[in-house]
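Me: I am new to this structure. Please take me through it in short steps.

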Amino acid sequence: MTAEMKSQKTTYTAHDLVVLIHVLLAATLYSFGMNFFVKSGNLFPGGYGGISRLLSEVCLQFFHLNISFSIIYFGLNIITVLLLWRHIGHKFLIFSIIFFTATSILTAVIPVKTITDDILLISVFGGVISGIATGFVLRNNASSGGTDFIAIWMSSKYNKPTWNYILAGNAVILVLAGLLFGWDKALYSIIYQYVSMQIVNVMHQRYRFSRLDIITSKPDDVCTAVFSTSNHGITKVRCEGAFTHQERWLLLATVNTYELQDVVNSIRSTDPDAFITVSSIGRIIGNYHQTPLE
C-alpha cells in the first residue's frame, strides 16, 4: 500500500450498499455450489476452499476428528487478511471478509444434496457456479478471499494477470488429494478448477490491458475526452494520410480492459471520424497508473 493510500480515510457511500448486496449474493451462490456440487461430488476446489476440504477430510478419515470445513476456511482467510492488511485497500478487505464469513456460515447451514450422480456434470457445472460467484465478487472490487488475495496482490504489483499461476499452485492440492483419496476425484477436480478459472478470467478484467491506436484530426479534444474517462497518459505523434495527404495525429494509449468501452465511447462522441484500433497487451513495464483498490 502506498503512502497516499495510507493517508486516505476509508469512506462509504450508497454504492457500497449495492456492493454489499452483490457480495452476499455471490457468497450465497458460492456456498450453494460448494454443498450441491463440490461436497456431493467429493471434489477438491482450488485455493483455500480446496485446502480446507483436504484438511477436513484428512482430520476425519485419518485422525477421526470432525473439524468443519467452515472453521478451517474461515481461519485460513483471517490469517491472510492480517498478513495483507497493510498492502491492500481496507474497503476491499472488509468486503472480502464479509464474503468469506458469509460463505463459512452458509456452507455450514445449507444442507449437502446430490443433484446428479454424473461426476462430469458435477465437475463442469460446479466449476461454472464457482467461477460466476468468484468473478461476480471480483467485479465488485472484493474477493472470495484466500488465494484470491495473493493473486490480486501479485497482479497489482506486477501489472499482469496471475490467475493461471494460482491454477498451477492448485495442482499441489490435487496431487495430495489424489494420493490420499483416489485419483478419479482429483482428476475430475482438475476439470472443475479449469472451468472455474476460465470464467474468472473472462469476468475479471482489472489486470487486463488494451492498447488504443487513434488516428484523428482533433487530437486535443480527443485527449481531453479520454482524460475525463481514464487516468492514463497519451502519446501524440504527428502523421499524414498517404492517400489524402492531409495532416492527422496518431494517439497511443493503454487502458484497463474493463474501462475500454467507456474510453472508446468518449472518443467517438468527440470525433465520430476517428479511426481506432484495439489490441491486447500481455504485460506492462514502466510507469502505468493503476487505480488502487480502496
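Me: How many positive and negative side chains does the protein chain have, and how far apart do the centres of the two sets lie?
Reply: This is a predicted model, and every value here is computed from it. The protein chain has 20 positive and 17 negative side chains. The centres of these two sets lie apart by 7 Å.

Me: What share of the residues of the protein chain count as buried?
Reply: A residue counts as buried when its relative accessible area is under 20%. The protein chain has 294 residues. The share that count as buried is 45%.

Me: What part of the area that the protein chain exposes do carbon and sulfur atoms supply?
Reply: The exposed area is about 15100 Å² in total. Of this, carbon and sulfur atoms supply 62%.

Me: How many helices and strands are there in the protein chain, and what is the order of the strands in the sheet?
Reply: The protein chain holds 11 helices and four strands. An open sheet is built from four strands with antiparallel pairing. Its order is β2-β3-β1-β4.

Me: Which strands stand at the edges of this sheet?
Reply: A strand at the edge has a single partner, so one of its sides is left without a neighbour in the sheet. That describes two strands here: β2 (234-240) and β4 (275-281).

Me: By how much are neighbouring strands of this sheet turned against each other on average?
Reply: The direction of the strands is ignored for this angle. The average turn between neighbours is 20°.

Me: How many bridges join β2 to β3, and which residue in β3 is the bridge partner of Cys239?
Reply: Strand β3 covers residues 247-256 and runs antiparallel to β2. Seven bridges join the two. Val237 stands opposite Leu250 in β3. For Cys239, the bridge partner is Arg248.

Me: Which residue in the hairpin of β2 and β3 takes a positive phi?
Reply: Six residues lie between the two strands of this hairpin. A positive phi near 60° is found at His245.

Me: Which helix lies across β1, β2 and β3, and which one touches β1, β3 and β4?
Reply: Helix α10 (residues 219-229) lies across β1 (209-216), β2 and β3, and runs at about 155° to β2. The helix touching β1, β3 and β4 spans residues 260-270, and its direction makes about 5° with that of β1. The two helices asked for are α10 and α11.

Note on methods
Residues numbered from 1 in each chain as written. Predicted model: local features only at pLDDT ≥ 70, side-chain atom pairs only at ≥ 80, totals over all residues. Heavy atoms only, no water. Buried < 20%, exposed > 50% of the residue type's maximum accessible area, 1.4 Å probe, protein only. Areas by Shrake-Rupley, 256 points an atom, 1.4 Å probe, with all protein chains shown as cover. Lys, Arg positive; Asp, Glu negative; His and termini not counted. Charge placed at Lys NZ, Arg CZ, Asp CG, Glu CD. Pairing = 2+ DSSP bridges. Axes fitted to C-alpha atoms, helices over the stretch in contact; angles between N-to-C directions. Contact = heavy atoms within 4.5 Å.
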